[in-house]
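Student: I would like to go through the labels on this model and ask what each one rests on.
Tutor: Go ahead, one label at a time.

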Amino acid sequence: MGRKAGITLDDVADAATSIADRDGLAAATLTAVAAQLGIKTPSLYNHVKGLAGLKRLLAIHGAKLLLDEFKDAAGDKQGAEALRAVAYADRVFAAAHPGLFESFLPAPRPGEDDELYDAMAQPVYLVAGILLNMGIPQAEAIHLIRAMWALLHGFLDLEAKGGFGMPVDIDTSFGAAIELMIAGIEIAATCANGRAAT
């Protein structure tokens, strides 16, 4: 697909990200992105296939940024320390990129869009690697990851939408949720390691 001279796909992703994070995912329209780039709306079709293509681009771009954040946070850490680092990185990402965070849903299914599926799977694979190194069997890892995502993203969605009205420190509540999650995963790892030893 040809590109308009001077405007790259990265430029489109950056402009759409800026709008989505500032004004919400729904505000990242073709017209708004074109205006920010100083081009005519039809020119965007040289880069993306309509609004659906723009939202797809945001999800892929966001997944790559999230993976980088997870890699930086986890570094050489292992086990609970790595999980904790990733959880806090997820919260920082959600606060910095609310539009991108919203673009992750609905999650693609295998065979629907291989590029999008692979991009969004990469952060999951990173977490799966941490769990496998803790001794969690591969067959159980996805269930624990889903539980982690439900806890993390449920908390972060409530936080973003003002769901915590009581005058109690939210950072402390987030820390308590993460420690509860990690304790459960450590118990699961201990049980799995015990079964493997028998």
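Student: Where does S103 lie?
Tutor: S103 is in helix 5, which spans residues 98–103. Bear in mind that this is a predicted model.

Student: Why is S103 called buried?
Tutor: Its relative accessible area is 9%. Buried means under 20%, so S103 is buried.

Student: Which residues does S103 touch, leaving out those up to four places away in sequence?
Tutor: S103 touches L25, L58 and A59.

Student: What makes F93 and F104 a stacked aromatic pair?
Tutor: First, the total: the structure holds six aromatic pairs. In the pair of F93 and F104, the ring centres are 6.1 Å apart and the planes differ by 10°. Centres within 6.5 Å make a pair, and planes under 30 degrees apart make it stacked, so both conditions are met.

Student: Where in the chain do the two partners sit?
Tutor: F93 belongs to helix 4, and F104 to the loop between helix 5 and helix 6 (114–133). They are eleven residues apart, and the pair links distant parts of the chain.

Student: Are F93 and F104 buried or exposed?
Tutor: F93 has a relative accessible area of 3% and is buried. F104, at 9%, is buried as well.

Student: Why is the pair of F155 and F164 called tilted?
Tutor: The ring centres of F155 and F164 are 4.8 Å apart, and the planes stand at 45°. Stacked needs under 30 degrees and edge-to-face over 60, so this pair is tilted.

Student: How do you know that F155 is buried and F164 partly exposed?
Tutor: F155 has 9% relative accessibility, which is under the 20% limit, so F155 counts as buried. F164 has 32%, which falls between 20% and 50%, so F164 counts as partly exposed.

Student: Which residues form an aromatic cluster with F155 and F164?
Tutor: Y88 and F174 join F155 and F164 in one aromatic cluster.

Student: What sits over the ring of F174?
Tutor: The charged end of R91, 4.7 Å from the ring centre. The distance limit for this label is 6 Å.

Student: How do you know that D90 has no salt bridge?
Tutor: The nearest side chain of opposite charge is R91, 9.7 Å away. A salt bridge requires a nitrogen within 4 Å of a carboxyl oxygen, so D90 has none, although D90 is buried.

Student: What does D90 touch, again leaving out residues up to four places away in sequence?
Tutor: D90, in helix 4 (residues 79–96), touches L66, F70, F101, L152, H153 and L156.

Student: Which residues of helix 2 are buried?
Tutor: In helix 2 (residues 30–37), these are L30, V33, A34 and L37.

Student: What puts them on the same side of helix 2?
Tutor: They cover an arc of only 100° around the axis, and that puts them on the same side. An α-helix has 3.6 residues a turn, so residues three or four places apart point the same way.

Student: What is found on the other side of helix 2, and what covers the buried residues?
Tutor: T31 and A35 are exposed on the other side. The cover over the buried residues includes helix 1 (9–23) and helix 3 (50–74).

Student: Which residue just after helix 2 takes a positive phi?
Tutor: G38, with a phi of about 75°.

Technical notes. Residues are numbered from 1 along each chain as its sequence is written. This is a predicted model: local features need pLDDT of at least 70, side-chain atom pairs count only at pLDDT 80 or more; totals for chains, interfaces and linings use all residues. Side-chain values use heavy atoms; hydrogens and water are left out. Helices (H or I, at least four residues) and strands (E, at least two) are DSSP runs, numbered from the N terminus. Buried means under 20% relative accessible area, exposed over 50%, partly exposed in between (1.4 Å probe, protein chains only). Lys and Arg count as positive and Asp and Glu as negative; His and the chain ends are not counted. Contact means heavy atoms within 4.5 Å. The arc is that of the directions from the helix axis to the C-beta atoms. A charge sits over a ring if NZ of Lys or CZ of Arg is within 6 Å of the ring centre and within 35 degrees of the ring normal.
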